[in-house]
Amino acid sequence: METTRRKFTSAELQQYKKRSMFSEVWRNYKKSPSAMIGLVIIIIIIIAAIVAQFVYDYDTDIVQQNIKERFQRPNAEHLLGTDQYGRDVLTRILYGAKYSLSVGIVSVAISCVLGSSLGLIAGYYGGFTENLILRVCEVFAGIPSVLLGIAIMSAFGQSIVVLMFAIGLVYVPMFARTARAAVLPVRDQEYIEAARVSGVGDLKIIFGHVLPNAMSPIIVQVTMGVANGILTASSLSFLGLGVPVPAPEWGAMLSNGREFIRDYGYLTLFPGLAIMITVLVFNLMGDGLRDALDPKLKQ
C-alpha cells in the first residue's frame, strides 16, 4: 500500500521555519526566571500606562492644583501621597509612564534604524567606508550622552519630539558598532558570495541577506537601548530640558520634589522607584533575549 506524501509550498515552508525559530527562542527565553519576571512587569507597566490615558483626565486629574490637599503623606485616599500642589503622586506616575515609555521606544527606534544602517554599510563594504563611519561614530561616542542631549535640546528647543530625536542620535554609535560587529562574520559566507556572483545588488544583499542573519545582537541592543533611553530622558527632564512642565514625566517629578526631600521624601522616592524598576526590567528582558538568541545555549 503506497503512502501519499503532501508537498508543502515554499510559503508554507517559510511560515514553518519562522514559527519554529520563534518557538525555539521562546523556549530558551522561558528558561530564565528573571527574564520572565521582567517581561511580566513590562507588560503590566505598558497596560497601566495605556489604561491611565483613558481613566484620568489630563487637565483635572494630572495638572490641576488642589492646594488644600498639598503635602499629604501616603494614606488610604492617596496611596502615594500628594505633591506641593496637591496633585496625587500615584496618578501622575501612572500617567507619566506614557512619556517615559514613548520616549524610550521611539528614540531607540530612531537610533536603531540610523545606527544599524550605518553599521551594516560599514561592515559590508569595509575599507575607507568602514573607517570613515567608525571615526565619525567614535567622535560622537566620545561625547557624554547627557551632554550631547543638552546641546541638542538647547539648540532646537524643548519638546517631546526634539527629546526623542536627541536621545535617538545619542545612541546611534552604539547601534552602529553592534551592527558592524554582527555583519563581519556574515559578509564572507558562501551564500553572500553566491548572491554577488548572481548579480544581486548590494542594498538587496545587505538588507535581504546580511541583516536577517545579524539580527540577534541588534534585537538585544534594542531592549538595552530602551532602558538607556528612559534613563537619559529622565536625566534631561531632571535638569529641566526634557518633557515640558507640567507634564508628569518621572525625571521632572524627581526634580520638582528634590527641594522637599528632607521633610517629604516620598516625592522623590516613588518616581525614582518607577525609573529604577522600569530600567531594571528592560535590562532583565535584554539579558534573557541575549541568552535565548545565543546559538551556544540552544539544545
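These are my notebook entries on a predicted model of one protein chain.

**Entry 1: the whole chain**

I started with the overall make-up. I counted 13 helices and 0 strands in the protein chain. Read from the N terminus, the elements go α-α-α-α-α-α-α-α-α-α-α-α-α, and I checked that run against the picture.

Next I looked up the dimensions. The C-alpha trace spans about 80 × 60 × 30 Å along its principal axes. The chain has 299 residues, and 42% of them count as buried. For the accessible surface I noted about 16,500 Å², with 65% of that belonging to carbon and sulfur atoms.

I also wanted to know about contacts between distant parts of the sequence. Taking the contacts with a separation of 6 or more, 71% are between residues 24 or more positions apart.

**Entry 2: helix α12**

How many of the 8 residues of α12 are buried? I got 7, so this helix is largely enclosed by the rest of the structure. The buried ones are Trp250, Gly251, Ala252, Met253, Leu254, Ser255 and Gly257.

Then I asked myself what the buried residues of α12 pack against. They pack against α4, α11 and α13.

I zoomed in on the start of α12 too. There, a side-chain oxygen of glutamate 249 comes to within 2.6 Å of the backbone nitrogen of glycine 251.

**Entry 3: serine 100**

Glutamate 249 turned up again when I clicked on serine 100. The side chains of these two residues are joined by a polar contact of 3.3 Å. Serine 100 sits in helix α4, which covers residues 89-125.

Is serine 100 buried or exposed? Its relative accessible area is 1%, so it counts as buried; the cut-off for buried is under 20%.

I listed its contacts as well, skipping neighbours within four places in sequence. Serine 100 is in contact with Ile230, Glu249 and Trp250. Trp250 is one of the buried residues of α12.

**Entry 4: alanine 247**

I moved back along the chain to alanine 247. Alanine 247 lies in the loop between α11 (215-238) and α12. Its relative accessible area is 6%, so alanine 247 is buried.

Which residues does alanine 247 touch, not counting those up to four places away in sequence? I found Tyr58, Arg92, Tyr99 and Ala252.

One pair was fun to look up. Alanine 247 and glycine 96 are 151 residues apart in sequence, yet their C-alpha atoms are 7.3 Å apart in space.

**Entry 5: the cavity**

Time to look for empty space. Rolling a probe the size of a water molecule over the atoms shows where such space is left. My search of the whole structure gave 1 cavity of 30 Å³ or more, and the largest cavity holds about 90 Å³ of space.

I wrote down the lining: Asp83, Gln84, Arg87, Val89, Arg92, Met253, Asn256, Gly257, Leu267 and Pro271. Arg92 was already in my notes as a residue touched by alanine 247. By type, the lining divides into 4 nonpolar, 3 polar and 3 charged residues.

Which helix gives the most to this lining? It is α12, with 3 residues. Helices α4, α12 and α13 (266-293) each supply at least two.

**Entry 6: the second largest pocket**

After the cavity I went to the second largest pocket, with about 270 Å³ of space. It is lined by 14 residues, and Ile45, Ile93, Leu94, Trp250 and Ala274 lie nearest its centre. Trp250 appears here too, after its contact with serine 100.

I sorted this lining by type and got 13 nonpolar, 1 polar and no charged residues. Helices α2 (33-55), α4 and α13 each supply at least two of the residues. In this pocket α13 gives the most, with 5 residues.

**Entry 7: phenylalanine 71**

Last stop: a backbone angle. Most residues other than glycine have a negative phi. Phenylalanine 71 has a positive one, with phi near 55°. I placed phenylalanine 71 in the loop between α3 (58-62) and α4. At 15% relative accessibility it counts as buried, since the cut-off is under 20%.

Note on methods
Residues are numbered from 1 along each chain as its sequence is written. This is a predicted model: local features need pLDDT of at least 70, side-chain atom pairs count only at pLDDT 80 or more; totals for chains, interfaces and linings use all residues. Side-chain values use heavy atoms; hydrogens and water are left out. Helices (H or I, at least four residues) and strands (E, at least two) are DSSP runs, numbered from the N terminus. Buried means under 20% relative accessible area, exposed over 50%, partly exposed in between (1.4 Å probe, protein chains only). A polar contact is a pair of N or O atoms within 3.5 Å; within protein, one must be able to donate a hydrogen and the other to accept it, and residues adjacent in sequence count only if both atoms are side-chain atoms. Contact means heavy atoms within 4.5 Å. On a 1 Å grid over the protein atoms alone, a cavity is a set of points where a 1.4 Å probe fits but cannot get out, and a pocket is an open set with protein on both sides within 12 Å along at least five of seven lines; lining residues have an atom within 4 Å of a point. Grid points are joined across faces, edges and corners, and a volume is the space filled by probe spheres set on the points. Ala, Val, Leu, Ile, Met, Phe, Trp, Tyr, Cys and Pro count as nonpolar, Asp, Glu, Lys and Arg as charged, and the others, Gly among them, as polar. Accessible areas come from the Shrake-Rupley method with a 1.4 Å probe; for residues, only the protein chains shown count as cover.
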